Amino acid sequence: MSTLLIRNARCVATFDDARTELRDASIFIRGHRIEAIGPAAGMPEAADAADEVVDASRHLVVPGLVNTHHHMYQSLTRALPAVQNAELFSWLQGLYPVWAGLTPEMVRVSTQLAMAELLLSGCTTSSDHLYIYPNGVRLDDSIEAAREIGMRFVATRGSMSVGRSQGGLPPDRVVEREDAILADTQRLIERHHDASHGAMTNVAVAPCSPFSVSRDLMRESASLARSFRGLG
């Protein structure tokens, strides 16, 4: 397991309940977990042979930021002139036909693009709400992309089941059957959700909105999520 020593930071702002700030402090990390914070002299012996050492003597070190809401696939369509000044529903109606062309590769690339931008801004944990699955797209595509780039990820299995013909906002061609949504959500939880402390991948249940899913799907999604409550 790789190790990292962040050495002699000008200040480590811990953001604990006491808002503790440590001057000239070091941080020793093994794998994905912090093992020690404090004066360099107090670091464990293993810190002397850390795989990577960062000189932070001119830097402030803070915990990674957490992004609680994102639609990463939309990174590919954020500069389309036709919808730049549109309000929400018009914006969605203008983009649903574009998003209907998404492919698994597009989802992987957009996920890594969004994550790279977040990491460069100091964000180390992010959720993502992917709710459209055309052309073989799966939430697995986002999860695999996150694992490749190394970001802690809460992947939410979004869904749309009520198309325009049933009074919903999205076109019928981008909605899914509710039984298929629930079955895939359960598959994703069983395959990818890691409830252990410090896990890098979590899966959450996230039906999209009242104008694109039924009340029944909202209820069934909540019931499915509760059935896995013991997993964390």
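Lys and Arg count here as positive and Asp and Glu as negative, with His and the chain ends not counted; each charge is placed at NZ of Lys, CZ of Arg, CG of Asp or CD of Glu. On that footing, the chain has 22 positive and 27 negative charges, and their mean positions lie 3 Å apart. This is a predicted model, in which local features need pLDDT of at least 70, side-chain atom pairs count only at pLDDT 80 or more, and totals for chains, interfaces and linings use all residues. Residues are numbered from 1 along each chain as its sequence is written, and side-chain values use heavy atoms, leaving out hydrogens and water.

**Fold**
- You will find five helices and nine strands in the chain, taken as DSSP runs (H or I, at least four residues; E, at least two) numbered from the N terminus.
- Their order from the N terminus is β-β-β-β-β-β-α-α-β-α-β-α-β-α.
- Along the principal axes, the C-alpha atoms fill a box of roughly 70 × 45 × 35 Å.

**Packing**
- Buried residues (under 20% relative accessible area, 1.4 Å probe, protein chains only) make up 41% of the 232 in the chain.
- Of the contacts (heavy atoms within 4.5 Å) between residues at least 6 apart in sequence, 68% join residues at least 24 apart.

**Surface**
- The chain's accessible surface is about 12,800 Å², and carbon and sulfur atoms account for 52% of it; areas come from the Shrake-Rupley method with a 1.4 Å probe.
- Leu-76, Met-106, Val-109 and Leu-113 make a nonpolar surface patch of about 300 Å².
- Val-109 sits in helix H2 (residues 104–120).

Conventions: Buried means under 20% relative accessible area, exposed over 50%, partly exposed in between (1.4 Å probe, protein chains only). Patches are made of residues with over 30% relative accessible area and no salt bridge: like charges are joined within 9 Å, nonpolar side chains (Val, Leu, Ile, Met, Phe, Trp, Tyr) within 5 Å. A salt bridge is a side-chain nitrogen of Lys or Arg within 4 Å of a carboxyl oxygen of Asp or Glu.
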